[in-house]
Amino acid sequence: MNSKRVQILSVGSSVPEAVLTNKDIESFLDTSDEWITVRTGIKQRHIIPKGEDISAADLGTQAASQALKKADIEPQDVDGIVCATFTPDYFFPSTACRIQAALGCKGGFAFDISAACAGFVYALTVANNMILCGQAKTMIVVGSEIISKTLDWTDRNSCILFGDGAGAVVLQAKDDLSKGIMASHIESDGNLGDILKLPAWGDKRFMQMRGNEVFKHAVRLMSDTSARVIKQTGIGINDIDLLIPHQANIRIIRAVADSLGFPMEKIIVNLDEYGNTSSASIPIALNEAWDDGLIKEGAKVLFTCLGGGVTVGSALVYF
Ligand code: ACO
């Protein structure tokens, strides 16, 4: 048995300044603020204005740099960076390598993970295991997305849902077994790949989604993996202090809460302000919860998410 556990020492986040409200979208699409609010809970999203040259690496670097400062850790002490993104700056170099250079890290490794909206929990799980195996001591996990550039802005089914942003956490191994990442579970079902996809080639290089199907699988799989990690740690659902779900749709979040028997009052929801920022949504919400004083010493926090692939992940962290 491992004598160490991996703790989340700090978190940072960054979103573009520019805001696109539902009302703004009404001006170019056959939709309404009311439809979007009732069906999704989203009121606005932060997006990079057309023509502005801000990349996933730029936002990711800002989030990671903030997290490093909060943890009082120097870039040269970072052994590894894992970046979850489906909107990389290049096929290569990876967004993580670009963040590594921009932060001024010396040495260590950096690579990207492609797990769409489940990317943060995938990256957290990989980093946790690498640290526990002794391959690194201090790592940064980043989720960073520039989704606005991948959308078909004439498709009202999908473009209303997303926003741009980044979040990052600093992880470190500690001898204290009473806190840290207590359990995590990742899973995928490639047979469901067609319900949500973003082709890399051809003339349809924009997000394509069968919303109803994504909705149903999201509720089922996020509930199942959450129940699984809770069971793994041997605690009860009532022992969990906060649930930070992927911010896709308020109705998905309510249905997951219902299915788990978990009260909405203990769930962090900020999709009204940011929309769905994919792999960035959990760390952005964690950052806000931390700033609001909700991540208290001893807090038991559950993350859960689902993304294209389909990919799904849940992690239970004691702070
Ligand atoms: N404005 C107005 N009307 C719209 C809009 C819009 N933006 N979008 C769709 N409609 C219409 C449809 O055309 C349809 O009209 P019709 O009945 O005349 O055919 C009607 O509204 C109902 O459409 P549905 O697709 O049944 O609406 P639903 O209640 O399922 O909501 C939504 C659609 C919001 C996309 C929902 O299915 C959803 O959120 N699914 C999950 C998708 C998701 O979160 N994807 C993100 C990536 S994966 C993840 O993060 C978990």
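How many bridges join β6 to strand β7 (residues 165-174), and do the two strands run parallel or antiparallel? In this predicted model, in which residues are numbered from 1 along each chain as its sequence is written, β6 and β7 are joined by eight bridges and run antiparallel; helices (H or I, at least four residues) and strands (E, at least two) are DSSP runs numbered from the N terminus, and two strands pair if DSSP finds at least two bridges between them. Local features of the predicted model need pLDDT of at least 70, side-chain atom pairs count only at pLDDT 80 or more, and totals for chains, interfaces and linings use all residues, while side-chain values use heavy atoms, with hydrogens and water left out.

Within the pairing of β6 with β7, Ile-140 has Val-170 of β7 as its bridge partner. Strand β4 (residues 80-84) also pairs with β6, in the parallel sense and over five bridges, and here Cys-83 is matched with Val-142 of β6. Eight of the eight residues of β6 (residues 138-145) are buried, so the strand is largely enclosed by the rest of the structure, where buried means under 20% relative accessible area, exposed over 50%, and partly exposed in between (1.4 Å probe, protein chains only). Both faces of β6 are covered, with Thr-138, Ile-140, Val-142 and Ser-144 buried on one side and Met-139, Val-141, Gly-143 and Glu-145 buried on the other.

Met-139 is also among the residues in contact (heavy atoms within 4.5 Å) with Met-130, the others being Phe-109, Phe-111, Gln-135 and Ala-136 once neighbours within four places in sequence are left aside. Met-130 belongs to helix α5 (residues 119-132) and, at 16% relative accessibility, counts as buried. Between Met-130 and Gln-172 the C-alpha to C-alpha distance is 11 Å, although 42 residues separate them in sequence.

A further open sheet has four strands in the order β8-β13-β12-β11, with mixed pairing. Its edges are formed by β8 (180-188) and β11 (242-245), each of which has a single partner strand, so that one side of each is left without a neighbour in the sheet. Strand β12 (residues 300-307) pairs with β11 in the parallel sense over four bridges, Leu-242 having Val-301 of β12 as its bridge partner. Helix α6 packs on this sheet, touching β8, β11, β12 and β13, and its direction makes about 35° with that of β13, angles being taken from 0 to 180 degrees between N-to-C directions of axes, which are lines fitted to C-alpha atoms, for helices over the stretch in contact. Helix α5 lies across β8, β12 and β13 (311-318), running at about 120° to β8.

The end C-alpha atoms of α6 (residues 211-233) are 33 Å apart, which agrees with the 33 Å that its 23 residues should span at 1.5 Å a residue, the expected span being 1.5 Å times one less than the number of residues. Buried residues of α6 include Val-214, His-217, Leu-221, Met-222, Val-229 and Ile-230, and just after the helix Gly-234 takes a positive phi of about 80°.

Elsewhere, the axes of helix α3 (residues 56-71) and helix α4 (residues 95-103) come within 9 Å and cross at roughly 55°. The residues of α3 that meet α4 include Ala-56, Gly-60, Ala-64 and Leu-68, and those of α4 include Thr-95, Arg-98, Ile-99 and Ala-102.
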